[in-house]
Amino acid sequence: MSYKFKTLAVALFLAGTAMLPSVKADEWNKETKVTFSAPVQIPGQVLQAGSYVFKLADNQADRHIVQIFNEDQNHLIATILAIPAYRLKPTDDTLITFEERPTGSPEAVSRWFYPGDQDGVGFVYPR
């Protein structure tokens, strides 16, 4: 192979790889830091006011397993089997919706959507 051909091949390879989209880990696991100003309910427990990290478990077979960590991500607080949730329009920001609860009870996290996504997860509570 000539020197010019090798140089052209390397240049084309580098140009092609530069055009590939960069993938961040948080896009795969939807890692999201949330801060609640009051206690909120999740299935099985109540999270006190504070900051938490929500992310999807690294599971190829089921993309609806939510893990909730403390802010530093050094303590797993809950692992929740959720259900698919959908919305018509994506937003640029994280969206968390809540269900009303009886007076004196904290609101319950109902659905969680990662920025730019129309599909998210729904939290299921016992009746």
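## Exercises on a predicted fold

Among contacts between residues at least 6 apart in sequence, 45% join residues at least 24 apart in this protein. The model you are looking at is predicted. Here are some exercises to help you find your way around, each with a worked solution.

### Exercise 1: The overall layout

Work out how many helices and strands the protein has, and in what order they run.

**Solution.**
- Step 1. Count the elements: the protein holds two helices and ten strands.
- Step 2. Follow them from the N terminus, and the order reads α-α-β-β-β-β-β-β-β-β-β-β.
- Step 3. Add the surface: about 8,600 Å² is accessible, and 56% of that belongs to carbon and sulfur atoms.
- Step 4. Turn to the inside: of the 127 residues, 32% are buried.

### Exercise 2: An open sheet

Find the order of the strands in the four-stranded open sheet, and say which strands lie at its edges.

**Solution.**
- Step 1. The sheet has the order 1-4-5-6, with antiparallel pairing.
- Step 2. Strand 1 (32–36) and strand 6 (76–81) are the edge strands, since each pairs on one side only.
- Step 3. From one strand to the next, the twist averages 25°.
- Step 4. Now walk across the sheet. Strand 1 and strand 4 are antiparallel and share five bridges, and here Val 34 has Tyr 52 as its bridge partner in strand 4.
- Step 5. Strand 4 is joined to strand 5 by five bridges, again antiparallel. Tyr 52 has a bridge partner on this side too, namely Asn 70 in strand 5.
- Step 6. Strand 5 pairs with strand 6 over five bridges in the antiparallel sense, and Ile 65 stands opposite Leu 81 in strand 6.

### Exercise 3: Strand 4 and the core

Decide whether strand 4 is enclosed or open to the outside, and see which elements build the largest nonpolar core.

**Solution.**
- Step 1. Strand 4 covers residues 50–56, and six of its seven residues are buried, so the rest of the structure largely encloses this strand.
- Step 2. The largest nonpolar core has 20 residues; those touching the most other members are Phe 36, Phe 54, Val 66, Ile 68, Val 109, Trp 112 and Phe 123.
- Step 3. Strand 1, strand 2 (40–42), strand 4, strand 5, strand 6 and strand 9 (107–113) each give two or more residues to this core.
- Step 4. Zoom in on Phe 54. Beyond four places in sequence, its contacts include Phe 36, Val 66, Ile 68, Trp 112 and Phe 123.

### Exercise 4: Two residues compared with the cut-off

Val 34 and Gln 67 both sit in strands. Are they buried or exposed?

**Solution.**
- Step 1. Recall the cut-off: buried means under 20% relative accessible area.
- Step 2. Val 34, in strand 1, has 8% relative accessibility and therefore counts as buried.
- Step 3. Gln 67 lies in strand 5 (residues 65–70). Its relative accessible area is 19%, so Gln 67 is buried as well.
- Step 4. Look at the surroundings. Past four places in sequence, Val 34 is in contact with Gly 50, Ser 51, Tyr 52, Phe 54 and Ile 96.
- Step 5. With the same neighbours left aside, Gln 67 is in contact with Val 53, Phe 54, Lys 55, Ala 57, Leu 76, Ala 78 and Thr 79.

### Exercise 5: Salt bridges

How many salt bridges are there, and what do some of them link?

**Solution.**
- Step 1. The count comes to four salt bridges.
- Step 2. One of them joins the side chains of Lys 55 and Glu 31, at 3.5 Å from N to O. Lys 55 is in strand 4 and Glu 31 in the loop between helix 2 and strand 1, so this pair ties together parts 24 residues apart in sequence.
- Step 3. Check how covered the two partners are: Lys 55 is buried at 13%, while Glu 31 is partly exposed at 30%.
- Step 4. Another brings together Lys 33 and Glu 71, at 2.7 Å from N to O. This pair links strand 1 to the loop between strand 5 and strand 6, 38 residues apart.
- Step 5. Lys 33 is exposed at 53% relative accessibility, whereas Glu 71 is partly exposed at 41%.

### Exercise 6: Unusual backbone angles

Find what is notable about phi at Lys 30 and Gln 73.

**Solution.**
- Step 1. Most residues other than glycine have a negative phi.
- Step 2. Lys 30 has a positive phi, near 60°, and is found in the loop between helix 2 (25–29) and strand 1.
- Step 3. Gln 73 also has a positive phi near 60°. Its place is in the loop between strand 5 and strand 6, where Gln 73 is partly exposed at 32% relative accessibility.

Terms used:
Residues are numbered from 1 along each chain as its sequence is written. This is a predicted model: local features need pLDDT of at least 70, side-chain atom pairs count only at pLDDT 80 or more; totals for chains, interfaces and linings use all residues. Side-chain values use heavy atoms; hydrogens and water are left out. Buried means under 20% relative accessible area, exposed over 50%, partly exposed in between (1.4 Å probe, protein chains only). Contact means heavy atoms within 4.5 Å. Accessible areas come from the Shrake-Rupley method with a 1.4 Å probe; for residues, only the protein chains shown count as cover. Two strands pair if DSSP finds at least two bridges between them. Axes are lines fitted to C-alpha atoms, for helices over the stretch in contact, and angles run from 0 to 180 degrees between N-to-C directions. A nonpolar core is a set of buried Ala, Val, Leu, Ile, Met, Phe, Trp, Tyr and Cys residues joined through side-chain atoms within 4.5 Å.
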